[in-house]
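Colleague: Could you take me through one part of this model slowly, the place where the two chains meet? I'm new to this, so please explain the terms as you go.

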2 protein chains.
Amino acid sequence: VSRLEPVSLALSGERFTATYAIAHEHDVARQVAQAICVEQTVEFPYELLPAGDIADGVVGCLEAFVADAGAAASQPCFHATISYAVETVGEEFTQLQNVLFGNVSLFPNVRLEGFDLPASLLANLGPRFGVAGVRAIVGAQRRPLLATALKPLGLSARSLSELAALFAGAGVDLIKDDHGLANQRFAPFAERVARCAAAVQEVNARTGGRAVYAPCVTGPAPELAARAQLARDAGAGALLIAPGVVGFDAMRALARDPALGLPVLAHPACLGGALQRPGGMAHAFLLGQWMRLAGADVSIFPHHGGRFSFSQEDCAAIARALGEHSGDMRPSLPAPAGGMTVERVPELLETYGSDVILLIGGGLFRAGPDLAETCRRLRDALGRYE
Amino acid sequence: VSRLEPVSLALSGERFTATYAIAHEHDVARQVAQAICVEQTVEFPYELLPAGDIADGVVGCLEAFVADAGAAASQPCFHATISYAVETVGEEFTQLQNVLFGNVSLFPNVRLEGFDLPASLLANLGPRFGVAGVRAIVGAQRRPLLATALKPLGLSARSLSELAALFAGAGVDLIKDDHGLANQRFAPFAERVARCAAAVQEVNARTGGRAVYAPCVTGPAPELAARAQLARDAGAGALLIAPGVVGFDAMRALARDPALGLPVLAHPACLGGALQRPGGMAHAFLLGQWMRLAGADVSIFPHHGGRFSFSQEDCAAIARALGEHSGDMRPSLPAPAGGMTVERVPELLETYGSDVILLIGGGLFRAGPDLAETCRRLRDALGRYE
């Protein structure tokens, strides 16, 4: 069989790295780290590989292996940093995902913590607008932004558009569809988007405001591009999408489409199952580093202490990953959400600083009898940071 | 605000159910179950909902709540069955995924176990070929099928096609690309597919065999349909795709495309992170029931005792979910894999019966010096079941 002949691939030598937390005792953890090097690349008995560049360059390489200083003696854990040749990715985001996490996602006690990519792999990835771009659109230099969601499911497109107008008039910066608004007959996609975009534009024209409507374009794969285009043509100012439903590459494609030119708000629906310990993926990886790389200008995630389970540390780590320096890539905005209330605003600003979007949904309705007044009060409070 | 006016939606009354395992003590578990009813639908304060059909029909309904008989007293667990109105889905597979698991994926200690759909939601879903269809294509009535993968990454398209020819000549039924073969310059997609499909067709023409080549079409969202079409035009007999990378709806769209007309082999890459306890998703749901609904004619998953972590019970449950009666939906074939060896074949048949695909990759190379002879021996052993 020809495969046994030596293989020469003229590899560039450029590599990227991923770091995995491996919760096993030292010797097993080291074996698992070596197994990951093979599993994520050739998935083939190492000793039977042809001589040359497949064995020497295509297979992952264990670059560092260090004990977790904070791990209890009874629950040992090691951090393995593994490098891969850039050529294994073939310039496709889908294959980058596969190399970082494909089969290793099925390994017990292995958690993907993060990655480090050279400039060549960052090209054409990341948000097109980022913090500064979104700020320019809504006309806010420094202050935290205010966002809310149109709901509940079951309202008509007309009722949702009336809510959108109320929010726009009360100073809400970003008005998104609830992520469960798809194409149900209660408020069909095309009608809802047309009505809500028009309502927000009318209010903006009257008040000089710059509120943005972000319809939910999560939908069937063959219709995604058309929904995004319809949203743009109707006057929507951003898109809401759930990459856990449509795939991260579908989000990337919308975010990087110059003909579309709309910021992308990423919703975490269906992604929570993987945010586990000791297996799964780190919060800062999935909802921070990866969301940003996949083009999210805004990453929505549940803030600590709401209806969900994220720790204060996990939330802060997500925000850091969205904002930290990474080549020429723009930073993204964190949008903590999930059972937020008006009372928690000071705590939110303490955790995230002012480059943040406060996404408050149902909490606005609970905060008092006059919804518009609640929004105005919040917006005024945030305005002091401008 | 008009939303407070009563809402009438003329709901059909038809509902579907999902079952969640909730690992909390009784009272908390019951509260969580009620919270899921709201979270997966209106995501809005229940007490503030408008009167009428939103509160009475759109919100999920807790239909059953039973203690897990096997749970230890120190780790209580309850099974909650929740019904949702079919109208919440709006006839879109993406929104079905969202209702079943969107936000609840972010709840700690809640695991999606499975679902039950009425005939109206099953329409246009599920495999187009199923067990009988795949059997007809490879010409095997009753015996287990034999599958393998073209690898390692780094081989040229020519070398991979030589391997494909060897496997086809030695009686392997399904010859798939390794799931890491994308569009790397080592073996670019178009050249690889053309060469491998041609190689298998030539062998089939010479031997009268009916081997099928299944190229990996996992790739950028905007190119998926074109890759599948190219594969079909080149003479591929099936498609390999990783829905954890491209999204389940993208797989559904390929599987249900009558103009394409190729069986779909689903690979579990990137899905493992969610297969956890006590949160996440049940193996039988994700790799069984859901894969089948999303159009997988074949669901590939790691068999117990290989390089991965699945229990014998989880594997058997996946196979049951792929095969069990479900309206008019065709059953799918389980393809246990992941470090399989020739020696384990009898055990595999005992677990899965004969409606199974034995997917053996690297193990074939390790089983002896003559790869073709190893395949022939295996194929002969399986032939006794025909």
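Modeller: Sure, let's start with the contact itself: 87 residues of chain A touch 86 residues of chain B, where contact means heavy atoms within 4.5 Å. Keep in mind that this is a predicted model, where local features need pLDDT of at least 70, side-chain atom pairs count only at pLDDT 80 or more, and totals for chains, interfaces and linings use all residues. As for bookkeeping, residues are numbered from 1 along each chain as its sequence is written, chains are lettered from A and ligands numbered from 1 in the order in which they are written, and side-chain values use heavy atoms, with hydrogens and water left out.

Now for the area. About 6,900 Å² is buried between chain A and chain B, and carbon and sulfur atoms give 60% of that. Buried area here is the accessible area (1.4 Å probe) that two parts lose on being put together, summed over both.

Next come the charged pairs. Between chain A and chain B the count is eight salt bridges, each being a side-chain nitrogen of Lys or Arg within 4 Å of a carboxyl oxygen of Asp or Glu. To see a salt bridge up close, find the side chains of A:R227 and B:E92, which meet at 2.4 Å, N to O.

Which parts of chain A do the touching? The elements that give two or more residues to the side facing chain B are α2 (53-58), α3 (93-101), α6 (157-169), α9 (243-246), α10 (248-255) and α14 (362-366) of chain A. These labels come from DSSP runs numbered from the N terminus: helices are H or I with at least four residues, and strands are E with at least two. Sorted by class, the side of chain A that touches chain B has 44 nonpolar, 28 polar and 15 charged residues. In that sorting, Ala, Val, Leu, Ile, Met, Phe, Trp, Tyr, Cys and Pro count as nonpolar, Asp, Glu, Lys and Arg as charged, and the others, Gly among them, as polar.

Finally, here's how the two chains are arranged. A rotation of 180 degrees, with 0.0 Å of shift along its axis, superposes chain A on chain B with an RMSD of 0.0 Å. The two copies are therefore related as by a two-fold rotation axis. The superposition is by least squares on the C-alpha atoms of residues with pLDDT of at least 70 in both copies. The same surface serves both copies, as 99% of the contact residues of chain A recur in chain B.
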